[in-house]
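Let's walk through some side-chain packing together, one question at a time.

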Amino acid sequence: MPVLKGRADMGGAKKSTWIGGTVFIGLVIAAAAWFFAISPTMAAASEIRAEAENTRQQNELLELRVTQLKADFERLPEFKAELASIQQQIPTDAMLSEYLRQLDAIAVAHSVTLTAVTPSIPQSVVLAVPAVTAPVAEPTEPGEESAEVAAEPVAPAGANGPTGFTAIPLSVTALGTYDNTIAFLHDLQNSTQRLFLVTGFVGTAQSQQDASSGRPATAVGDQELVITGYTYALPDALAVPAVADPAAVPPALPGAVPGKNPLVPVARS
């Protein structure tokens, strides 16, 4: 019987070895499958899910934007009316001839004579920037450890306004009674749709004088009021430029005739 027992032990050892080897090979195959197949697939699936979520969020933002644009489109007539009102205050061109007619109408309404209206070269508008405060160290005495810090206003450089936004300097001289010239100054700022910023005015008392050189007669107590300020213009950035019509271009003038003196009168036939 001892021989049979030894054979049984050898058979059990072989069986255990095969089982251990099979388990090891299975683990190796599982690890290889994880690193070379399952893990990359899961990573790709994770990226796809992230892209899908990002796309969903972008679609939601686009839907909100489309909804907002649709609401704005429904209010387009309201926006156009608001733009037209703003362009009455700040036109897209200087339009000085029309504005001078408005000033003349105000002067006539208040029995004031405009003796001079002088525009100057337009200037680019520079927007005002609020001043900021910067700490400034106060002088200290020898031996002091620290000094109090005081704030000092600093004026930063101005920022340019919208492209083409210009201010047109304008000087207006009005002659009339004191009350009428003051009323003209008030309506100059308030009764016209176009904006006019008054930056200064100088009033000069008048004496008794007869009319001369285009100036009306004046009495004691009358006033010559010189008003300086700015009116504005802002081109329409959305305007479509006009296409020149070739037929509207005037033909070129004929050149000089060779051998003919242009200063000699043409003989009548």
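**Packing in the predicted model**

Q: Leaving aside neighbours within four places in sequence, which residues is Phe184 in contact with?
A: This is a predicted model, where local features need pLDDT of at least 70, side-chain atom pairs count only at pLDDT 80 or more, and totals for chains, interfaces and linings use all residues. Residues are numbered from 1 along each chain as its sequence is written, and side-chain values use heavy atoms, without hydrogens and water. Contact means heavy atoms within 4.5 Å. On that basis, the partners of Phe184 are Leu103, Ile106, Ala107, His110, Val112, Leu114, Val172, Ala174 and Ile227.

Q: Which helix gives the most to the largest nonpolar core?
A: A nonpolar core joins buried (under 20% relative accessible area, 1.4 Å probe, protein chains only) Ala, Val, Leu, Ile, Met, Phe, Trp, Tyr and Cys residues through side-chain atoms within 4.5 Å. Of the 15 residues in the largest one, those touching the most other members include Tyr99, Leu103 and Phe184. At least two residues each come from helix 3 (96-109), strand 7, helix 4 (178-190), strand 8 (196-205) and strand 9. With 4 residues, the top contributor is helix 3.

Q: Which residues form the aromatic pair, and how is it classed?
A: Rings of Phe, Tyr and Trp (its six-membered ring) pair if their centres lie within 6.5 Å, with planes under 30 degrees apart stacked, over 60 edge-to-face and the rest tilted. The count comes to 1 aromatic pair. At 5.9 Å centre to centre and 40° between the planes, Phe165 and Tyr232 are tilted.

Q: Are Phe165 and Tyr232 buried or exposed?
A: Tyr232 also belongs to a second, separate core of 5 residues. Both Phe165 and Tyr232 are buried.

How values were computed:
Buried < 20%, exposed > 50% of the residue type's maximum accessible area, 1.4 Å probe, protein only.
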